[in-house]
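Reader: Hi! I'd like to go through this one with you, starting with the ligand site. Could you put it up?

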Amino acid sequence: MNRQQLIEQIKTKKSFLCVGLDTDLKKVPQHILNEEDPIFSFNKAIIDATAPYCVSYKPNLAFYEAFGVKGLMSFEKTVKYLKENYPHHFIIADAKRGDIGNTSAMYARTFFEEYDIDSLTVAPYMGEDSVTPFLGYEGHWVILLALTSNKGSLDFQMTTDEQGERLFEKVLKKSQQWGTKDNMIYVVGATQGRMFEDIRKLAPEHFLLVPGVGAQGGSLEEVCRYGMTSDCGLLVNSSRGIIYASTGSDFAEVAGQKAKELQEQMAVQLQSAGVI
Ligand SMILES: O=c1ccn([C@@H]2O[C@H](COP(=O)(O)O)[C@@H](O)[C@H]2O)c(=O)[nH]1
């Protein structure tokens, strides 16, 4: 999916919601565990219930790899289900990859050729040759970690050099020599609040993937106030806040309601920013 198509989807659906498929068998309703492929069954129900309200899905690979080959098969089935039934939803593989060049090239092959997923999260800290192998795929995106939602973002990302430049700022500047707003998105945690102002000084037009609304307590309103652009420029993720809103037999219905609530708040933000 290219940038223009993503923007069209956001405007049509009045939503920039990304539903996180962090499927944890310890948290899914009991009856799902009787299914042949419980992870896929859970995902399918969540996807069918939330698809009208979101533009994107983000399976986090950790939740699939934790179950070895079986987990990867559930991941593959989920991606295939999305592509066949909801081809206009932007798929993010949250795998936080990145290695020396030839190894990154194999990761790129996995996600962009084998699975043909729209985008992949990548860690920037091994530098240019670890990121550029992901950038040669038309219609596919690198989502580079810039300023993450966790407390540990203070440990490295917020540290400054002698000139007072913070490490996340260096990442934003340097990486724009490798990729463009048409193939690179940055991760900025919703918990970073007003820091979106600083991010926008360096990346005024890039899309931002924003995890941290919901379970981590980030504010959608604040993210929009400081981070929204005239094209929206945001994909806001919620995983646990949607998919585990109910652990009963009504889990999918309640997930749909939660996604709808977020979509309605997003429509208000898009309208007041003049995006729609
Ligand atoms: O800075 C980051 C980068 C990635 N994540 C991931 O996003 C989701 C958030 O899940 P919630 O349940 O909505 O908190 C999860 O997959 C994280 O690994 C992040 O939270 N922060």
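Author: Happy to, and keep in mind that this is a predicted model. The ligand is surrounded by 19 residues, and the closest are Thr-148, Ser-149, Pro-211, Ser-239 and Arg-240.

Reader: Which elements give two or more residues to that shell?

Author: Those are strand β8 (234-238) and helix α10 (240-243).

Reader: And how do the shell residues divide into nonpolar, polar and charged?

Author: Three are nonpolar, 13 are polar and three are charged.

Reader: Nice, that helps for setting up a calculation. Where does UniProt place the "active site" feature?

Author: The record puts "active site" at Lys-96, and the entry is unreviewed. Lys-96 sits in strand β3 (residues 90-97).

Reader: Is Lys-96 buried or exposed?

Author: In between: Lys-96 has 16 other C-beta atoms within 10 Å, so it counts as partly exposed. A buried residue would need 20 or more, and an exposed one 12 or fewer.

Reader: What does Lys-96 touch, leaving out residues up to four places away in sequence?

Author: Its contacts are Thr-121, Val-122, Ala-123 and Leu-145.

Reader: Val-122 catches my eye. What stands opposite Val-122 in β5?

Author: That would be Leu-144. The strands involved are β4 (residues 119-122) and β5 (residues 141-147), which run parallel and are joined by four bridges.

Reader: What packs on the sheet around β5?

Author: Helix α7 (residues 167-175) does, touching both β5 and β6 (184-188). The direction of α7 makes about 155° with that of β5.

Reader: Let's zoom out, then. What do the strands close into, and in which order?

Author: Eight strands form a barrel, going β1-β2-β3-β4-β5-β6-β7-β8, with parallel pairing. From one strand to the next, the twist averages 30°.

Reader: Which strands does helix α4 lie across?

Author: Helix α4 (residues 68-85) crosses β1 (17-21), β2 (56-59) and β3, and it runs at about 175° to β2. Strand β3 is also where Lys-96 is found.

Reader: Back to Pro-211 for a second, since it was among the closest to the ligand. Is Pro-211 in β7 buried or exposed?

Author: Pro-211 is buried, as is Leu-209 on that side of β7 (residues 208-211). Leu-208 and Val-210 are buried on the other side, which leaves both faces of the strand covered.

Reader: How many bridges join β6 to β7?

Author: Two, and β6 and β7 run parallel. Within that pair, Val-187 stands opposite Leu-209.

Note on methods. Residues numbered from 1 in each chain as written. Predicted model: local features only at pLDDT ≥ 70, side-chain atom pairs only at ≥ 80, totals over all residues. Near = placed C-beta within 6 Å. Nonpolar A, V, L, I, M, F, W, Y, C, P; charged D, E, K, R; others polar. UniProt positions renumbered as here; feature names shortened; annotations may be inferred. Contact = placed C-beta atoms within 7 Å. Pairing = 2+ DSSP bridges. Axes fitted to C-alpha atoms, helices over the stretch in contact; angles between N-to-C directions.
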